[in-house]
Structures are given as C-alpha cells and as structure tokens.
Amino acid sequence: MMARALRLAERGAYTTKPNPMVGCVLVRDGEVVGEGWHQRAGGPHAETIALQAAGERARGATAYVTLEPCAHTGKTGPCAQALAAAGVARVVGAMRDPNPKVDGNGYAILRAAGVRVEDGLMEAAARALNRGFLSRIERGRPWLRVKLATSLDGRSALASGDSKWISGVPARQDVQRWRARAGALLTGAGTVMMDDPHLTVRLGDDTPFVPPLRVVLDPGLATIARGHIREGDAPTLYLHAPDARVPRGFEAQHAHVAVHAGLFDLDAVLRLLAERSINEVQVETGATLAGAFLRAGLVDELLLYVAPVLLGGRARPLFEGLHIDAMTQRLDLHIVETRRIGEDLRVLLQPRHASLPVVADAGAPRPAASPVAHG
C-alpha cells in the first residue's frame, strides 16, 4: 500500500513544485476505500483528496502517507487534524517532514487524538522521490542535476563549440521530461551566445507542468536583451556581478551574486534559488560551468546521454578545470541506472559525496500500476 501511495505521489512530479510530492491510500478491512495525490501547489493535499473519496468509510481505516501529514494552515487546512476528525484509526508514514512548520507536529496531533502512528515504511524511496524538496529544506540549496550529451570518447562539442546534435531525437525528447520536473533550468552566458537555447519544456502532449524558471549566469549581462531564452511564457532570471549595469525595464528579472575574478560564487547562486523556493536545478551548459559546479562539490546527479559517435581529440571535453593529475584525485561516481533511449545510452550517475539517495528513472511520472524504484 505504501508502494501504491508512492506511485500516486510521483504523478505530481511536474506540478507540485515547490511543494513536495505526496500520495495517500486509505485502507479498511483490506480494501482500498480512498486514495489521492497532491496535484498542484495551492490545491488539496493528498490526504484531503483520499478522505473525500472514502467518505464515511474512512472511519476506522488505516492511512498510508508518503510524508508526515501537515500540521499548519496555509492555503489548505492541517491534514493531521482532517485525518483525526475523519476517524482514521491508524496512520503509517514513510517519513517525517523536515519542514519546520511540520517536523513531528503532524504525528503529535494524530497521537493526541488517539490515532495510532507508525513511521519509516519505505523511507529511502520516499526520500529519493522528494530529494529536491529535502535538499532545499535540509541543506538550504536545491538538488543539482547536470545534463550533458556526450560522444563515446567523452566529448561534449566540437572545437568550434558546435554541439547540435550529438544525441538523437528520442534522447532530446527524453530530456524534456527531466526539464519538466525541475524548478529551474540553469545555463551560462557562453551557452546562450553559442547555442541560443530556448530552455523551455516541450513535452509534445497535454501533460500538465509548471514551467521551470530559466536562469542565466551572466556577470556583465551581455545576453540580457538577446536570444530565444527571453521568449515564451517561462520566466527568466539573470544573475550577474554586483557592478553590472542593468538596462532600464529589467529590474524585476535580475539579481546580483558575488563574482570573483569573473567566476560566480556557485554556492551563493544555489542558496539564492533556494530562497526562491526552487527544489531542483537542471544545469544545461558547456564544459567550463559544468566543471565548475563539479569542482565545487555541488553536483548531486549527472544525467548523461551517450551517443554512438566519435568526435576526436580536438573536440571539447565534458568538464573543464578538474585538474586531475593522479589516480588518487579522481572523482568516483555511482551508476544509478543505464537505459537505452533510441540509439543513445542514458546514464544516471551520482557523485559519491551526495548525501541524498537517487531514484532511478525519475524523469517522468509513472502510471499508478507501474513498479516503484528504490533509492
């Protein structure tokens, strides 16, 4: 039943941000009497939807919830009180909610009302599902994923900078699913000038999603009035040096961040995005900025699309600036998943330093009947 609740929760991957994904299943006498998932920020929570579906059958039922029921009033009322008022006899939670507004208070409300509470069932899977939300709450910065297309010989672009297209059409379509779950898509000024990306989500169907924020790291604001990245409905944020001159009319679309010797304080960049309630950041950029994030120890996931092509020794590497001169300095990675996407191979990796688990194949919400992957 908890696995079922987790599958339901993942249906909100594209729409709940910045809220966590939550699923709830109500069971009485071995029968599912109600279920639901949090579908969008500001909308009903999973527990409320499940209780509405169950009606009077909720009395005496067991509620399986993927995250501790909330204990505060925001745009909706406290779910812990709603469960208690409905007469639920038992609540089984996957994990405690670290949000200071909850953090044990939901369970306390339930216990005070005489509801039996158990916690920790499939906790690793629950943490993996909401790794972005947990990263923002527990570490004060979003979960960072670097997406790169690479040749078999580890090259990300030709010497000229041309990278269109290393990967095939199916891989590029797959990327859209990962974009849709991100709160922000981040790139650098060099990529904007070289590739002129849109950095938008194009799913090709009617799947609902919240457009991610487009973020451009541009110390001197050389790109602020140019390119496709300013087009469409998705918002764009320019991060720049404190002394950069901001053109009139762009005041609401920029923020300054410390820059030293032309290089951003990347940790400050991520903390600024966390303050804007961004849970997951997907970096789509060139070797220099990708290498800088990796060198700073800020990369949580690497999403590589490996194409069956060779670009040769003069082509650009995946990462610049790592300066590894001995095997003892190498960066160890854990392969979480490999999957063939068209003619390309998608490889999901996690640096060994990452402190939160990764769930495989998290790019798209699964249908409710599919199996749950464990982190």
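Let's start at T62, which sits in strand β3, residues 62-65. One thing to keep in mind throughout: this is a predicted model.

So, is T62 buried or exposed? Its relative accessibility is 12%, and because the cut-off for buried is under 20%, T62 counts as buried. Leaving aside residues up to four places away in sequence, T62 touches V25, L26, V27, R90 and V92. With one of those neighbours, R90, there is also a polar contact between the side chains, at 3.5 Å.

R90 is a good place to go next. Its side chain meets that of E118 in a salt bridge, with 2.9 Å from N to O. The two residues come from distant parts of the chain, 28 residues apart: R90 belongs to strand β4, residues 90-93, and E118 to strand β5, residues 116-119. How accessible are the two partners? R90 has 22% relative accessibility, so R90 counts as partly exposed. E118 is partly exposed too, at 27%.

As a general reminder, side chains of opposite charge can pair when their charged atoms come close. In this model the count is 20 salt bridges, and I'd like to show you two more of them.

Take E301 and R131, whose side chains meet at 3.0 Å, N to O. E301 lies in strand β15, residues 301-306, and R131 in helix α6, residues 131-139, so this salt bridge ties together parts that are 170 residues apart in sequence. Both E301 and R131 are buried. Which network do they belong to? R131 and E301 are linked with R145, R181 and E280 in a network of salt bridges.

The other one is R346 with D174, a salt bridge at 2.9 Å from N to O. Here R346 comes from strand β18, residues 344-351, and D174 from helix α7, residues 169-181, which puts the partners 172 residues apart. Both R346 and D174 are buried.

Now let me zoom out to the domains. The assignment gives domain 1 as residues 1-128 and domain 2 as residues 141-351. Taken over C-alpha atoms, their centres are separated by 35 Å. What does each side bring to the contact? Domain 1 supplies 7 residues and domain 2 supplies 14.

Between them the two domains bury about 800 Å², and 56% of that is on carbon and sulfur atoms. On the domain 1 side, Y14, K17 and P18 lose the most area to domain 2, together making up 72% of what that side buries. And how many salt bridges cross between the domains? The count is 0. Polar contacts do cross, though: 5 residue pairs, with both residues at pLDDT 80 or more. The domain 1 residues that touch domain 2 divide into 4 nonpolar, 2 polar and 1 charged.

Last stop, helix α9, which runs over residues 266-275. Its buried residues are L266, V269, L270, L272, L273 and A274. For reading that pattern, recall that an α-helix has 3.6 residues a turn, so residues three or four places apart point the same way. Both ends of α9 have something to look at. At the N-terminal end, D265 acts as a cap, with a side-chain oxygen 3.3 Å from the backbone nitrogen of D267. Just after the helix, S277 takes a positive phi of about 65°.

That's my tour, thanks for listening!

How values were computed
Residues numbered from 1 in each chain as written. Predicted model: local features only at pLDDT ≥ 70, side-chain atom pairs only at ≥ 80, totals over all residues. Heavy atoms only, no water. Buried < 20%, exposed > 50% of the residue type's maximum accessible area, 1.4 Å probe, protein only. Helix = DSSP H or I, 4+ residues; strand = E, 2+ residues; numbered from the N terminus. Polar contact = N/O pair within 3.5 Å; in protein donor to acceptor, adjacent residues only side chain to side chain. Contact = heavy atoms within 4.5 Å. Domains from an automatic or database assignment. Buried area = accessible area lost by both parts, 1.4 Å probe. Salt bridge = Lys/Arg side-chain N within 4 Å of Asp/Glu carboxyl O. Nonpolar A, V, L, I, M, F, W, Y, C, P; charged D, E, K, R; others polar.
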